[in-house]
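Here is a walk through one protein model, from the whole chain down to a single hairpin. Please keep the sequence and the structure in view while reading.

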Amino acid sequence: MRKRRWLTIVVAGILAFCILGWALAYYFVGVDVSFIAGMVRARVADGGQAMPAAPAGVEVTTVVDGLDAPTSLAWSPDGALYVAEYAGGAGRITALTQPGRRVTVAEGIPAPLGIAFHDGWLYVGRRGGVTRLRDTNGDRAADRIEPIVDGLPALRHQTDGIAFGVDGRMVIGQGSRSDRGEMVGIDPLEASILVADADGSNLRVYASGLRNPYDLAFHPATGELFATDNGRDVPSQGVSDELNVIVDGGDYGWPDCWDQGEGSNCEGTVAPIALLEEHGSANGLAFYTGAMFPEWRGDLFIALFGANSGDPSIGKQVVRVELARAQNGEWTAEVHAWASGFANPLDVTVGPDGAIYVADFGAGKVYRFAAP
Ligand SMILES: [Ca+2]
Ligand SMILES: [Ca+2]
Ligand SMILES: [Ca+2]
């Protein structure tokens with residue numbers, strides 16, 4: 001009897017220690033253990049990964065292998081593919097100039113999750129803000145490294161993707177510090193899309209209530225801003241990921257309201273135009289603007305990373321979203337399965353050749369989807 005009581009005390013003690021440790025790590029260091037476990041799982045999933053399944057009439061090849069957790073893709077104005085690598089949080093930007101040739105553009109930029117070219121600079125959304133890079137002697141390695149936005153919230157999520165509008169202003173996806181405001185409250189800058197001038201000045205909240213808007217893109221014809229958002233984890237069922245059309249001053253519902261008016265405090269919030277797979281982690285997105293697949297022009301491609309729980313049946317695919325405008329002027333969206341069998345696809349981009357490129361964080365690869 002006494003032995004069993006001791007065992008209970010020891011087990012309860014260990015449990016309490018773990019819970020306390022998790023809470024302290026989350027609160028003080030910004031480390032969410034369950035989130036990190038998901039990231040680690042994705043990284044060690046590398047190796048023996050089969051090629052993803054391409055849709056009929058499309059051939060998939062590996063462009064580059066052995067990347068350290070690629071997070072974001074961008075084409076330079078002269079046609080080289082730039083890749084941001086998470087690299088265990090240490091961060092690296094690599095340029096792929098021709099098959100098999102890689103150039104390190106910059107290292108030590110913490111957790112880069114979004115890259116975009118603008119006016120000779122490469123902008124990097126990274127933990128805590130935005131840094132921009134410039135190569136001044138033509139070898140692609142950055143000689144000027146300027147942090148232009150600092151002090152942005154970072155805990156469970158952080159600063160995500162970046163895009164530039166035709167007005168030359170920069171929009172920035174800014175994730176939440178928690179799942180739903182628990183433990184840490186809500187910072188006015190988190191869970192938002194921010195806008196700033198290209199030098200980082202005049203920063204303000206453009207849209208709010210977006211838990212983790214990982215990536216954003218302007219519609220090639222209308223100039224409207226589209227963004228993904230990851231739905232909250234609690235409750236564990238019934239909360240979708242989202243595709244949103246972002247308007248200045250819009251409130252997209254987080255933390256209380258989700259899907260089409262579920263949860264609470266939904267009044268005055270903007271509903272998503274498409275619901276994406278629950279826990280699928282809808283992240284990188286790109287409009288198809290190439291000539292290789294005329295039937296997909298104007299469609300939106302979205303990478304679903306996969307569940308934090310590691311459930312292999314969730315996400316791990318790229319979907320194609322067909323957009324149309326209804327009579328009342330609102331967007332409608334039809335989501336189609338497109339490619340599957342990835343480790344953890346995180347970003348999508350369209351090449352100058354019209355092929356579709358997908359960065360697989362878990363496999364450490366970039367794939368090219370092209371007409372044979
Ligand atoms: Ca240089
Ligand atoms: Ca929403
Ligand atoms: Ca992207």
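In the protein chain, 50% of the contacts with a separation of 6 or more link residues 24 or more positions apart; two residues are in contact if their C-beta atoms, placed from the backbone, lie within 7 Å. This is a predicted model, in which local features need pLDDT of at least 70 and side-chain atom pairs count only at pLDDT 80 or more, while totals for chains, interfaces and linings use all residues. Residues are numbered from 1 along each chain as its sequence is written, and chains are lettered from A and ligands numbered from 1 in the order in which they are written.

The protein chain has two helices and 26 strands. Both are DSSP runs numbered from the N terminus: helices are H or I with at least four residues, strands E with at least two.

Of the 372 residues, 44% are buried, meaning that 20 or more other C-beta atoms lie within 10 Å of the residue's own, again placed from the backbone. The largest nonpolar core (buried Ala, Val, Leu, Ile, Met, Phe, Trp, Tyr and Cys residues joined through C-beta atoms within 7 Å) has 82 residues. Its largest share, five residues, comes from strand 21, residues 300-304. Val358 is among the core residues with the most contacts inside it.

Strand 10 (residues 159-164) has five of its six residues buried, so the rest of the structure largely encloses this strand. Strand 10 runs antiparallel to strand 11 (residues 170-174), and four bridges join them; strands pair if DSSP finds at least two bridges between them. Ala163 has Val171 as its bridge partner. The two strands form a hairpin with five residues between them.

Note on methods:
Buried ≥ 20, exposed ≤ 12 C-beta atoms within 10 Å, placed from the backbone.
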